[in-house]
Amino acid sequence: MALNGAEERVQEENLRRTLEPRKDAALFLAPARVGHRRKMNLKSERRGIHVDQSELLCKKGCGYYGNPAWQGFCSKCWREEYHKARQKQIQEDWELAERLQREEEEAYASSQSTQGAQSLTFSKFEEKKTNEKTRKVTTVKKFFTASSRAGAKKEIQESKSPSPSINRQASIETDRVSKEFIEFLKTYHKSGQDIYKQCKLFLDTMSHKRDLSIEEQSECAQDFYQNVAEKLQTRWKMPPEKVEKAMDQIEKYIMTRQYKYVFCPETTDDEKKDLAVQKRIRALHWVTPQMLCVPVNEEIPEVSDMVVKAITDIIEMDSKRVPRDKLACITKCSKHIFNAIKITKNEPASADDFLPTLIYIVLKGNPPRLQSNIQYITRFCNPSRLMTGEDGYYFTNLCCAVAFIEKLDAQSLNLSQEDFDRFMTGQTSPKKQESDSWSPDVCLGVKQMYKNLDLLSQLNERQERIVSEAKKLEKDLIDWTDGVAKEVQDIVEKYPLEIKPKNQALAAIDSENVENDKLPPPLQPQVYAG
C-alpha cells in the first residue's frame, strides 16, 4: 500500500523509537507525565502525553504490535502463551483428579479394616463414599467440559430474538455478502471451490459450538484463519497478495454470518465495560485540547472539518459487521487526525502528536459500544492485520487511548487534584480563554460564543449558590418550627391544664332574712300627669 510523505515520516519515526532502549514505563500507558511540548495558544509550556512507540510492540520482542486484550502480546505470541497456560491448567486438573482418586482408595482401604460388627455403620460409610466419589468425579469432569452457565445464557440469548426489521436487514446483507463471495471465488477456480467448502464446514461446526465460551470460539476462528492461509500458500501456491485478498473475503463471509452470535455476547462482561467507558467519557466532557496538548487548531475551517470527519468515522465503526470494516473506520479516523495536525502545524505529524489527538477525538465523540468493538476486532479479526501494517498500528493506538481515558488523573492533565475533583463533580468548569489572548484574525462569532459560555458558567454558579441558600433556609425553617413545637409541648407538660367542676348557683340575698315579712312592699313606678 502506498504511503504519502507524512506517513512515511511517521513510520521512520516509529522505527527509530522502536530501536531505542525500552523504558521502565508500564505497558500501554500509565497516563504519561513526561516531555515538554511546543506552545499552542498557551503562554507557558505544558507537559504532553507521550508513550514510547516500543511499548506498542509485543512485549515478547517478536517485532509485531501488541494488544492490551492479549496482555501486551501480539496475536501469535498470545496464542502460544494461551496454549501453554491451558496445558498447564489441564495438567494441574489431572493431578488433582489423581490425588482425589488416591484419597478415595485410601479411605476405602481403611474402611475394610473396621470390625464386621459395624456393618450398619460400614454400609452408611459406603453410601457416603459413593456419593462423595460421584460428586468429585463430576467436579473433575467439569474441568474438561464447557461451562453449563454458557448453555443457560445461550438459551436466554436465543429467547431474546431481534425485531423482524433487524432480522430482515441482516438477512439481506448476508445474502448480498454470500453472492459477492461466490462471485469472488469464481476467479480462483478449483481453489475457490475448496475455500467455499472449508468455509461452509467451519460455519456448520461453529453452529454446534455456540455453548462454548467466547474465548474458545475465538480460538476456533483464529485456527481456521491460520489453516486456510497456510493451505493457500502451500497447496495452491498463491502469492501473498492474493492470499491476503482471499483472507479478507473469507473473513467478511464468515463474520457477517457469525456477527449476531459473537458480538457482545451475554456470557461476557463487554456490555458492562461499554457502560463504564461511556460513563467515564461523559464525566470527562470538560477536558480541553489544551489540557491534552493537542496540536490541532479547530478555529481553522479545514481542521474543524477533519475533526468532524474523524469523529464520524470512529462512531461509524459500531455500524459495521466485519472486523476488517471496523478497522477501516479506525484507519480513516486516524488519517483525518494526521491531516488535521499537518494543516495546523504545516509539517508532518509525529507519533507524539497523534496519540493525544486520538484521545481527544474519542472523548469528544464518545463512540457507542467502544469496548465491545475492540474486543470483537481482537477476537475475530484476521491476526495478520493486527500484528503489522497501518491497521495494526492505529488499532494499537486506539487501545492505548481507551486505556489512558480509563486511568486519566489530575497529574496527566497538569492539574491540581483539587481542580480535577471539582471538574469531575461538576462544581465548576475550566476557565475559558481570555479575550486578550485571542489572535486578531479570530472570528467575532467565536469570541462571542466564548463570552456567552462564560456568562452561562457564571449564571450556573449563581444558581447553584441560590439553590444551596434556599435549601439552607428551608432547613432553618423546619428546625425553627420543630423547636417552637417542642417548647410548647414542654410547657404543656410542665403546667398541665386543670378544669375544676362548675360551682353551685348562689342563693338569693334575702333568703336567710327572717324578717322579710316586715319589709315594706317594693316601690312601684307611678305616672304623674303633666
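Two residues count as being in contact when heavy atoms of theirs lie within 4.5 Å. The exercises below use this term, and they concern a predicted model.

**Exercise 1. Place Thr-331 in the fold, decide whether it is buried or exposed, and name its contacts beyond its neighbours within four places in sequence.**

Solution. Begin with the secondary structure: Thr-331 belongs to helix H12, which covers residues 323-345. Next take the accessibility, where the cut-off for a buried residue is under 20% relative accessible area; because the value for Thr-331 is 8%, this residue counts as buried. Finally, once the neighbours within four places in sequence are set aside, the contacts of Thr-331 are Glu-390, Asp-391 and Tyr-394.

**Exercise 2. Describe the geometry of the ring pair Trp-286 and Phe-423, and state which parts of the chain the pair ties together.**

Solution. The structure holds 17 aromatic pairs. In the pair formed by Trp-286 and Phe-423, the ring centres are 5.0 Å apart and the planes meet at 50°, so the pair is classed as tilted. To see what is joined, note that Trp-286 sits in the loop between helix H9 (270-283) and helix H10 (289-292), while Phe-423 sits in helix H17 (residues 417-425), so the pair ties together parts 137 residues apart in sequence. As a last step, consider the accessibilities: Trp-286 is buried at 6% relative accessible area, and Phe-423 is likewise buried, at 9%.

**Exercise 3. Identify the residues that form a nonpolar patch together with Leu-459, and characterise the position of Leu-459 itself.**

Solution. The nonpolar surface patch consists of Met-449, Leu-453, Leu-456 and Leu-459, which together have about 370 Å² of accessible area. Leu-459 is located in helix H18, spanning residues 444-494. Its relative accessible area is 47%, and Leu-459 is therefore partly exposed.

**Exercise 4. Find the rings over which the charged ends of Arg-210 and Lys-242 sit, and give the distances.**

Solution. Starting with Arg-210, its charged end sits over the ring of Tyr-261, at 3.5 Å from the ring centre. For Lys-242, the ring beneath the charged end is that of Tyr-188, whose centre is 4.7 Å away.

**Exercise 5. Summarise the protein as a whole: its secondary structure, its burial and the sequence range of its contacts.**

Solution. The count of secondary structure elements gives 18 helices and 0 strands. Of the 530 residues in the protein, 37% are buried. Among contacts between residues at least 6 apart in sequence, 73% join residues that are at least 24 apart.

How values were computed
Residues numbered from 1 in each chain as written. Predicted model: local features only at pLDDT ≥ 70, side-chain atom pairs only at ≥ 80, totals over all residues. Heavy atoms only, no water. Patch = residues over 30% accessible without salt bridge, like charges linked within 9 Å, V, L, I, M, F, W, Y side chains within 5 Å. Areas by Shrake-Rupley, 256 points an atom, 1.4 Å probe, with all protein chains shown as cover. Salt bridge = Lys/Arg side-chain N within 4 Å of Asp/Glu carboxyl O. Helix = DSSP H or I, 4+ residues; strand = E, 2+ residues; numbered from the N terminus. Buried < 20%, exposed > 50% of the residue type's maximum accessible area, 1.4 Å probe, protein only. Phe/Tyr/Trp six-rings, centres within 6.5 Å; stacked < 30°, edge-to-face > 60°. Lys NZ or Arg CZ within 6 Å of the ring centre and 35° of its normal.
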